[in-house]
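The following questions and answers introduce a structure to a reader who has not met it before.

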Amino acid sequence: MNDAPQPWLRRHPDERLAPWAARDDASRGRRHPEPAPSLRGEFQRDRDRIIHSTAFRRLVYKTQVFVNHEGDLYRTRLTHTLEVAQIARTVAHALGLNEYLVEAVSLAHDLGHTPFGHAGQDALNQCMRPYGGFEHNLQSLRVVDTLEERYAEFPGLNLSFETREGILKHCSVANARRLGDVGRRFIERTQPSLEAQLANLADEIAYNNHDIDDGLRAGLLDMTSLRDITLFREQHDAVLARHPGLTGRRLIHEIVRRMIDTMVVDLVATSTALLDAAAPGSVDDVRVSGRPLIGYSDAMRGHIQEMKKFLYERLYRHYRVLRMTTKAHRVVETLFAAFIGEIRLMPDEHAGHARRFEAEHGDAGRARAVADYIAGMTDRYAITEHERLTDPRRNG
Ligand code: MG
């Protein structure tokens with residue numbers, strides 16, 4: 001879709017890409033056609049639009065696992081997002097993939113996340129069950145397609161097909177039918193671009209490792225029990241063999257850094273072998289290759305499963321985390337019940353959306369506007385709204 005590159009561009013964005021990478025000049029384009037950018041490639045423009053969006057800025061006050069006000073040292077959704085982008089770019093560089101695209105997808109992947117992490121998402125999904133449910137992955141797409149209001153010419157950010165495809169990691173066939181072009185692969189059972197496959201795995205590498213780091217920092221996990229995880233035990237032994245006296249934060253960080261490295265190296269080596277064997281000549285070959293071509297070895301997949309199981313049992317279900325998630329459920333349920341019962345309790349702008357969506361789609365439309373409002377809240381905004389609605393001593 002690009003015109004000839006501008007004469008003052010010394011490097012075309014497609015330079016140095018492997019044949020299987022997504023390319024600017026083969027992009028399936030934007031929903032609202034736009035002239036090619038003059039100084040950047042299409043995916044660079046997507047990345048920049050995401051960084052300038054309101055939803056991106058809000059990520060700094062949204063929870064990953066630990067609530068935002070618990071401490072300043074834990075990951076938030078913003079720092080998580082930056083770690084995902086950084087890991088994804090490293091792997092993309094090694095495999096000749098499009099770093100700009102994988103960065104754009106990584107930066108946008110959690111834009112639709114509710115306050116209070118997965119607890120918030122589960123609670124909102126329960127509230128929305130009679131109205132088509134709520135899924136943060138679909139909501140991320142909704143944010144970039146319609147909810148962001150930044151441009152005169154079109155609603156949303158008008159991102160390229162490839163970035164939108166990467167944001168939509170999974171969805172039901174029913175949802176896929178109404179999503180048009182980006183939904184088609186879930187009906188036809190084809191693969192997304194390699195950059196989309198990679199962003200998904202970089203997300204997993206980032207959160208598994210930083211949740212261990214944050215869990216240790218919070219005192220919810222300890223080194224002895226973490227040795228139940230093969231990847232941790234191996235790196236713990238390796239670090240102590242090399243630095244016998246090492247303790248405290250430097251020991252923890254050295255282990256976590258090496259675990260990330262081990263996973264990234266395995267991902268690059270395995271994906272290289274898969275790509276060499278399949279030898280896709282273009283991104284279209286990737287889409288019909290019948291299986292993902294970015295992945296781990298069988299051994300690493302087993303190690304990651306073990307790690308996830310450990311984190312689920314020992315961290316995500318730790319009583320202190322469960323107390324937080326229980327409170328989060330209550331806050332989201334209370335907000336939803338109040339707003340769906342009386343849309344005028346929402347600020348005028350959101351009440352206006354609710355009236356308009358209700359006229360178009362009935363009760364489901366009104367509920368969707370309430371979900372949009374709640375999903376857009378940061379942790380502390382949701383807590384403040386909850387207080388304003390429930391504490392008679394507080395002003396609205
Ligand atoms: Mg994520």
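Q: Which residues of helix H15 does helix H10 meet?
A: The model is predicted, with local features needing pLDDT of at least 70 and side-chain atom pairs pLDDT 80 or more, while totals for chains, interfaces and linings use all residues. Residues are numbered from 1 along each chain, and side-chain values use heavy atoms, without hydrogens and water. Contact means heavy atoms within 4.5 Å. From H10, Glu204, Tyr207, Asn208, Asn209, Asp211, Ile212 and Gly215 meet, in H15, Ile304, Met307, Lys308, Leu311, Leu315 and Tyr316.

Q: How many residues of this contact are nonpolar, polar and charged?
A: Ala, Val, Leu, Ile, Met, Phe, Trp, Tyr, Cys and Pro count as nonpolar, Asp, Glu, Lys and Arg as charged, and the others, Gly among them, as polar. The contact of H10 with H15 thus holds three charged, three polar and seven nonpolar residues.

Q: Which protein residues are donors of the magnesium ion?
A: Donors are N, O and S atoms within 2.8 Å of the metal (3.2 Å for Na, K and Ca), and water is not among the atoms, so sites may look incomplete. The protein donors lie 2.1 to 2.6 Å from the ion, and they are His80 (NE2), His109 (NE2), Asp110 (OD) and Asp203 (OD).

Q: Is His109 buried or exposed?
A: Buried means under 20% relative accessible area, exposed over 50%, and partly exposed in between (1.4 Å probe, protein chains only). His109 has 6% relative accessibility, and therefore counts as buried.

How values were computed
Helices (H or I, at least four residues) and strands (E, at least two) are DSSP runs, numbered from the N terminus.
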